[in-house]
Amino acid sequence: FESFRTANHWYSSIQQSSYLGDHFEPFILILLPFYLIIPHPKTLLILQTVFLALPAIPIFFITRMVFKYQVSKYRQEDTRYKIQDISQVNLWALGVSFFYLLNPLVHNINLFEFHLLPFSLVFLFTASYFYIKSSQELKFNSQKSFIWFILFCFLALLAREDMPLIIF
């Protein structure tokens with residue numbers, strides 16, 4: 001017990017200090033059960049890779065919502081404009097999500113080492129989706145979307161202490 005109390009389990013060999021003294025990132029505690037199951041650094045890198053791929057889902061829904069809005073706007077302005085199927089909108093949204101996954105900047109985040117900042121991307125994009133959704137809905141339904149927006153903003157705040165700068 002004495003060795004456990006005196007040992008510095010948060011020591012970072014790269015920074016030569018305690019990891020907790022550098023950044024406030026409580027999201028690392030959410031990753032702890034996964035690391036306890038497979039205690040290897042590659043576990044953290046695999047989780048980081050998964051969380052870098054997950055924003056493609058809210059990006060798809062954001063893009064689909066924006067394209068549906070644009071299509072309905074063009075339908076009102078120009079009666080000659082007809083869209084055959086909603087699948088065209090879904091195809092465009094899928095393409096934007098696909099280009100996010102192919103973006104070299106996203107791959108560069110995952111290239112060198114483990115960081116907790118990429119974990120916030122899925123929460124930021126999902127919060128953006130609910131913010132856009134709450135602004136497009138009627139006043140009665142927008143409260144539910146706004147609560148989801150606040151929840152995902154809070155989850156993004158758990159990833160890093162400087163996340164409020166991005167959210168606000």
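The exercises below, each with a worked solution, concern a predicted model of one protein chain.

**Exercise 1. Confidence**

Determine where in the chain confidence is lowest and where it is highest.

Solution. Start with the whole chain: its mean pLDDT is 81, and 74% of its residues reach 70 or more. Next, go to the elements. Helix α1, residues 2–6, has the lowest confidence, with a mean of 47. The highest value belongs to α3, at 92. Finally, look at the start of the chain. Over residues 1–5 pLDDT stays under 50, and the model has 1 contact there beyond four places in sequence.

**Exercise 2. Overall layout**

State how many helices and strands the chain has, and in what pattern they follow along the sequence.

Solution. The secondary structure consists of 9 helices and 2 strands. Reading along the sequence gives α-β-β-α-α-α-α-α-α-α-α. For the contacts, take pairs of residues at least 6 apart in sequence: 66% of these contacts join residues at least 24 apart. For burial, 29% of the 168 residues in the chain are buried. For the surface, the chain exposes about 12000 Å², of which carbon and sulfur atoms supply 69%.

**Exercise 3. Two residues of helix α3**

Classify Ile46 and Gln48 as buried or exposed, and describe the surroundings of each.

Solution.
1. Ile46 is in helix α3. Its relative accessibility is 55%, so Ile46 counts as exposed, since the cut-off for exposed is over 50%.
2. Ile46 belongs to a nonpolar surface patch together with Val50, Leu54, Ile57 and Phe61. The accessible area of the patch is about 410 Å². Helices α3 (41–53) and α4 (56–77) each supply at least two of the patch residues.
3. Gln48 is also found in helix α3. Its relative accessibility is 0%, so Gln48 counts as buried, as the limit for buried is under 20%.
4. Leaving out residues up to four places away in sequence, Gln48 touches Ile109, Asn110, Glu113, Phe114, His115, Pro118 and Phe119.
5. One of these partners, His115, has its backbone nitrogen 2.9 Å from a polar atom of the Gln48 side chain. That distance falls within the 3.5 Å limit for a polar contact.

**Exercise 4. The salt bridge**

Find how many salt bridges are counted, which residues form a salt bridge, and how accessible Arg160 and Asp162 are.

Solution. The count is 1. Arg160 pairs with Asp162, and their closest N and O atoms are 3.6 Å apart. This is within the 4 Å cut-off. Arg160 has a relative accessible area of 16%, and therefore is buried. Asp162 has 30% and therefore is partly exposed.

**Exercise 5. Phe146 and Pro164**

Place Phe146 and Pro164 in their helices, then give a C-alpha separation for each.

Solution.
1. Phe146 lies in helix α8, residues 139–157. With a relative accessible area of 40%, Phe146 is partly exposed.
2. Lys133 is 13 residues from Phe146 in sequence, and the C-alpha atoms of the two are 8.4 Å apart.
3. Pro164 lies in helix α9, residues 163–167. A relative accessibility of 27% makes Pro164 partly exposed.
4. Phe154 and Pro164 are 10 residues apart along the chain, with 9.4 Å between their C-alpha atoms.

Key. Residues are numbered from 1 along each chain as its sequence is written. This is a predicted model: local features need pLDDT of at least 70, side-chain atom pairs count only at pLDDT 80 or more; totals for chains, interfaces and linings use all residues. Side-chain values use heavy atoms; hydrogens and water are left out. Patches are made of residues with over 30% relative accessible area and no salt bridge: like charges are joined within 9 Å, nonpolar side chains (Val, Leu, Ile, Met, Phe, Trp, Tyr) within 5 Å. Accessible areas come from the Shrake-Rupley method with a 1.4 Å probe; for residues, only the protein chains shown count as cover. A salt bridge is a side-chain nitrogen of Lys or Arg within 4 Å of a carboxyl oxygen of Asp or Glu. Helices (H or I, at least four residues) and strands (E, at least two) are DSSP runs, numbered from the N terminus. Buried means under 20% relative accessible area, exposed over 50%, partly exposed in between (1.4 Å probe, protein chains only). A polar contact is a pair of N or O atoms within 3.5 Å; within protein, one must be able to donate a hydrogen and the other to accept it, and residues adjacent in sequence count only if both atoms are side-chain atoms. Contact means heavy atoms within 4.5 Å. pLDDT is the predictor's confidence in each residue, from 0 to 100.
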